[in-house]
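Please open the model in a viewer and keep the sequence panel visible. The stops below are given in the order in which they may be selected.

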Amino acid sequence: MKTLRNFILIICFISTQAIFAQITFDAKVSRESVPLNENVRVDFSMNKDGDNFTPPRFDGFTVVGGPNQSVSYAWTNGQKSFNKTYSYFLQPTRKGKLTIQGASIEIDGQVYKTKAVTITVGDAVAKQDPRQQINQVQQQSIDNIHLVAEVTNTKPYINEPITITYKLYFNTSIGGYMGKQIPTYEKFWVHNINLDGRPEVKQGKFKGENYHYIVLKQDVLMAQEEGALSIDPLILNIQAEVPTGRRDFFGFPEYGYIEKEFSTNKVTINAKALPEAGKPENFSGGVGTFDFKVTPTKTDLKAGEQLKLTVEISGKGNLNLLTMPQPKAHSALEIYDPVYAEKINSGIYGMQGKRSNEYIIIPQYKGEYNIEPMEFSYFDLGTKKYKTINTDSLVINVLEGPTLPTNKDAVGTDIVNTDELFQPFKTKVNFIEPYQTKYWNTNLFYILTLIPFIAIPFFIFGINKQRAISSDTEGRRLRNNNRLAKKYLSEAKKNLNNKELFYEALERCLHNFLKAKLNIETSEMSNENIEEILVEKQIDTEAISEFMNLKNACEWARYTPTNQVNITNDYEKAIQAISKLEKQFK
């Protein structure tokens with residue numbers, strides 16, 4: 001019985017080895033129907049290397065390419081696999097059904113042949129200019145890229161948080177992108193949402209079609225004025241992967257990258273004023289949905305002990321712009337300045353979290369004292385009405401300590417001991433001998449007398465110099481800006497290993513350099529205004545272009561999550577750009 005079982009196992013093992021060792025030699029074509037004026041590819045593949053490969057005669061075809069030979073190895077679950085292919089590119093010479101006869105090869109002393117393959121050749125088709133065809137394919141790749149700005153609400157109230165998200169939709173490979181214009185938010189309060197790490201590729205729909213997309217930039221905005229407020233577009237230079245029209249050694253198409261400028265749509269926000277009807281007198285400026293509470297750590301204590309009173313506002317809305325209510329209490333309760341704390345998260349739904357002020361209160365006298373009721377009013381976006389949250393009065397019981405003075409009913413009034421107001425009269429007078437000096441008619445007397453007269457010209461010169469410096473407001477401002485530019489450039493050098501700190505310092509350096517040289521203020525630092533002034537100062541185009549490209553690179557690196565930056569290269573560019581402009585300004 002045991003012998004029979006071993007025999008069966010040996011047979012199974014031999015059969016398995018035979019299956020794994022089975023040799024294949026096949027012929028495949030790239031397509032079975034082809035126009036008369038187009039090519040077709042035929043591949044002869046084997047899973048074991050052999051000798052004396054003999055192709056067929058290819059009757060009815062002209063060989064326009066090949067044979068191309070490719071070999072590949074692979075390991076799967078510990079098993080080695082092999083593939084070798086001979087490829088030919090054929091162009092038919094007549095219409096009809098054409099047969100490619102089998103090829104042959106010798107493997108391990110045995111000859112293997114492929115089966116015949118039939119191809120149907122039809123009428124010739126009108127051929128397009130290859131360059132035009134490639135351009136169309138490239139244009140299709142570019143047309144699959146869309147840069148958009150999505151806004152959660154285009155008709156908010158003043159101070160109502162909205163979120164603007166910049167997305168890049170694509171259905172082709174993206175080689176990279178570089179910012180050309182970063183949007184500015186005039187008449188908005190802005191909070192930039194930190195997008196950690198490299199942008200994550202997600203799936204989504206754009207105009208009803210499936211796309212890949214990444215989030216480039218996200219900001220929470222709050223309109224500060226009523227009316228139509230415009231947001232300038234985000235402009236990027238994007239590298240897209242497109243076919244080049246060439247093929248590699250194995251006949252596969254080659255791809256390259258072309259760069260094109262893309263821009264988001266211009267966004268208009270129509271901000272509405274908050275209604276005046278029903279507006280409370282103590283309106284905090286809060287817009288959203290909030291909760292308000294006041295919490296003491298204890299209400300029974302001794303004089304000199306401390307309690308903590310926490311005033312907290314939580315919810316969703318413009319948390320960082322509203323006014324926190326302040327507690328009021330009897331003068332016997334000494335209230336110290338609060339310790340502020342916040343935990344606010346920003347995202348697609350605006351600002352949400354909580355803010356709190358923690359007050360330390362120390363009672364001075366024994367008794368029962370009240371902390372007055374507190375109110376918090378806000379505009380509720382759900383009901384479009386004002387709401388007010390009231391808290392109850394807090395009773396603080398001071399169980400032990402000195403009694404509150406009743407003198408003139410004033411807390412803290414000093415009770416003065418009349419014995420200390422006057423000193424007793426002295427009946428005896430003590431006379432002191434006058435001090436005799438030897439100062440007059442001495443050398444010291446004459447030297448000290450002449451010094452003021454000698455110092456008068458120097459004093460007048462110093463005053464005039466100081467007045468000249470003080471009146472030279474522009475010169476002083478230019479010197480300060482030059483000093484700040486050098487300072488920030490040195491700061492940028494210290495932070496070469498920190499992207500955020502480096503580009504922040506470098507951007508401040510560029511701004512102060514421009515303010516010093518162009519005599520302009522921060523409010524005038526738009527790209528168009530800078531370029532216009534530089535042209536008027538007859539700065540050459542190359543120097544202007546290098547400086548503006550560097551300025552845009554700083555803005556892009558600071559306000560977007562991309563890691564595609566070269567800090568060392570940008571630092572060297574900054575030195576060169578400032579040096580070029582400095583020479584021309586002189």
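A residue is called buried under 20% relative accessible area, exposed over 50%, and partly exposed in between (1.4 Å probe, protein chains only). The model is predicted, with local features requiring pLDDT of at least 70 and side-chain atom pairs pLDDT 80 or more, while totals for chains, interfaces and linings use all residues. Residues are numbered from 1 along each chain as its sequence is written, and side-chain values use heavy atoms, without hydrogens and water.

Select first helix α5, residues 499-518; helices are DSSP runs of H or I of at least four residues, strands runs of E of at least two, numbered from the N terminus. Of the 20 residues of α5, 14 are buried, so the rest of the structure largely encloses this helix. How far apart are the end C-alpha atoms of α5? They are 28 Å apart, which agrees with the span expected for 20 residues at 1.5 Å a residue; the expected span is 1.5 Å times one less than the number of residues.

Next, select Phe58, in the loop between β4 (51-54) and β5 (61-76). Phe58 has a positive phi of about 60° although it is not a glycine, and at 7% relative accessibility it counts as buried. Most residues other than glycine have a negative phi.

Move then to Lys384, in the loop between β28 (375-380) and β29 (385-390). Lys384 also has a positive phi, near 60°, but is partly exposed, with a relative accessible area of 42%.

Finish at Glu531 in helix α6 (residues 527-536). Glu531 is partly exposed, at 36% relative accessible area.
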